Amino acid sequence: MPTRVHSNAAVAVAVTAPARLHMGFVDLNGSLGRKYGSLGLAVDGLATRVVVRRGSAPSITGKDAERAGRYLERLRAVIDIPGDLSVVIESAIPSHAGLGSGTQLALALGTAVSRLMGSDLSAREIAHLLDRGARSGIGVAVFEDGGFVVDGGRGATDTPPPLISRMPFPQNWRVLLLLDPQSTGLHGQAESSAFRTLPTFPEREAERLCREVMMCALPALAEADLPTFGKAISDIQNSIGDYFSPAQGGRYTSPRIARALDFLKARGVHCIGQSSWGPTGFAVVDTEIAAQTLRSALLSNFPDVEPVVCVARNRGGDVCAPGSVYRDGSDAISPRHRAPGN
């Protein structure tokens, strides 16, 4: 990419990038020329928020500051970044929990720096530059537009896979996240090794999962039919989880989350699974009351699991630009517009 320099008067930009669930792969066989294909959902309640300012002593502070520093150095290859830039990571999605922390930090930081410097890098360009979204495009998709998304898998290039479906998620449904702070999912070299060493995924099973997505999950979501949607997602989760079990120690990464999900299944919850490599588990129920009831039951029976009730997010990340000035003279940051592509 060529270096992009544009005139601008901005002094601060803040970007909030939502957490996402990775609800399963569509085709791990790849014999048709595209591999992976992911199902994803943006959720409210967990997010990464980055504030970038000019006119300050250069610094990067907050959780994941070291990773943000590496991203910033890569951004310098295409953006003329001044020496008076400060980055504050005000909140961060838990790392290596299956919630998209790395991609969302990259997109939040890249978008904030791009907008601050008057550049026009898209979310897909930022993801490609920072080596995010090589296997899955759902992190980019939920940052752009939110909702329930399906990407078309990786083809011959290393750019993020294309978005092929985006649907709003019913706002009365609730997503119950099951967090395990004592565990982490596969990442880095361990993740890459798992993909290299696992056996070839059966072609017929990939065909069945594609049919499950196209003829069950998506139509059921369009009709707000949670039992059918939940059965399809759970079936996809079981297939993918069993395939990955040699690498992650079972259908689920965390034994604590596995027991909690079995508990929810026994109580009639239709839609359960693990996000990406975990350890975060998830369940989808039809009302706030049902979610809070299950949360209370989980707190009583599984003290090592942290249940969090979330609403699906049907919009992308939030991008804010300089607004008014506080009484003390400091710059205020007020909502201005949404993420790139909106």
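Mentor: Start with the vocabulary: helices (H or I, at least four residues) and strands (E, at least two) are DSSP runs, numbered from the N terminus. With that in hand, you can place D64 in the loop between β3 (59-62) and α1. Residues are numbered from 1 along each chain as its sequence is written, and this is a predicted model. Local features need pLDDT of at least 70, side-chain atom pairs count only at pLDDT 80 or more, totals for chains, interfaces and linings use all residues, and side-chain values use heavy atoms, with hydrogens and water left out.

Trainee: What makes the phi of D64 worth a remark?

Mentor: Phi of D64 is near 65°, a positive value in a residue other than glycine. D131 has a positive phi too, near 60°, and sits in the loop between α3 (123-129) and α4 (138-145).

Trainee: Why does D131 count as buried or exposed?

Mentor: Use the cut-offs: buried means under 20% relative accessible area, exposed over 50%, partly exposed in between (1.4 Å probe, protein chains only). D131 has 53% relative accessibility, so it counts as exposed.

Trainee: How do you know whether H22 is buried or exposed?

Mentor: The relative accessible area of H22 is 5%, so H22 is buried. H22 is found in strand β1 (residues 12-27). Leaving aside residues up to four places away in sequence, H22 touches several residues, including S38, G98, I138, Q237 and Q274; contact means heavy atoms within 4.5 Å.

Trainee: And V269, what makes it buried or exposed?

Mentor: V269 has a relative accessible area of 10%, and is therefore buried. Look for V269 in the loop between α8 and β8. Among the residues V269 touches, again not counting those up to four places away in sequence, are L264, V284 and L294. Its C-alpha atom is separated by 10.0 Å from that of L226, 43 residues apart along the chain.

Trainee: Now the helices. Why are α8 and α9 called parallel, perpendicular or oblique?

Mentor: Two packed helices are described by the angle between their axes and the distance between the axes. Axes are lines fitted to C-alpha atoms, for helices over the stretch in contact, and angles run from 0 to 180 degrees between N-to-C directions. Angles under 35 degrees count as roughly parallel, over 145 as roughly antiparallel, 65 to 115 as roughly perpendicular and the rest as oblique. Helix α8 (residues 255-266) and helix α9 (residues 288-301) pack at about 135°, with axes 11 Å apart. That makes α8 and α9 oblique to each other.

Trainee: Which residues of α8 and α9 meet?

Mentor: A260, F263 and L264 in α8 meet L294, A297, L298 and N301 in α9. These divide into 6 nonpolar, 1 polar and no charged (Ala, Val, Leu, Ile, Met, Phe, Trp, Tyr, Cys and Pro count as nonpolar, Asp, Glu, Lys and Arg as charged, and the others, Gly among them, as polar).

Trainee: Why are α1 and α2 called parallel, perpendicular or oblique?

Mentor: Helix α1 (residues 65-75) and helix α2 (residues 101-116) cross at roughly 50°, and their axes come within 10 Å. Set against the cut-offs, α1 and α2 are therefore oblique to each other. Their contact residues divide into 8 nonpolar, 3 polar and 1 charged.

Trainee: What makes β8 and β10 edge strands?

Mentor: Two strands pair if DSSP finds at least two bridges between them. Here, 4 strands form an open sheet in the order β8-β9-β7-β10, with antiparallel pairing. β8 (271-274) and β10 (306-310) each pair on one side only, and these are the edge strands.

Trainee: How do you know that β7 and β9 pair?

Mentor: Strand β7 (residues 174-179) and strand β9 (residues 281-285) have 5 bridges in the antiparallel sense, so the requirement of at least two bridges is met. V175 stands opposite V284 in β9.

Trainee: Which way do the residues of strand β5 point?

Mentor: In a regular strand the side chains alternate between the two faces of the sheet. In β5 (residues 148-151), F148 and V150 point one way, V149 and D151 the other way, and all are buried. β5 is joined antiparallel by 3 bridges to strand β2 (residues 36-53) and by 4 bridges to strand β6 (residues 163-167).
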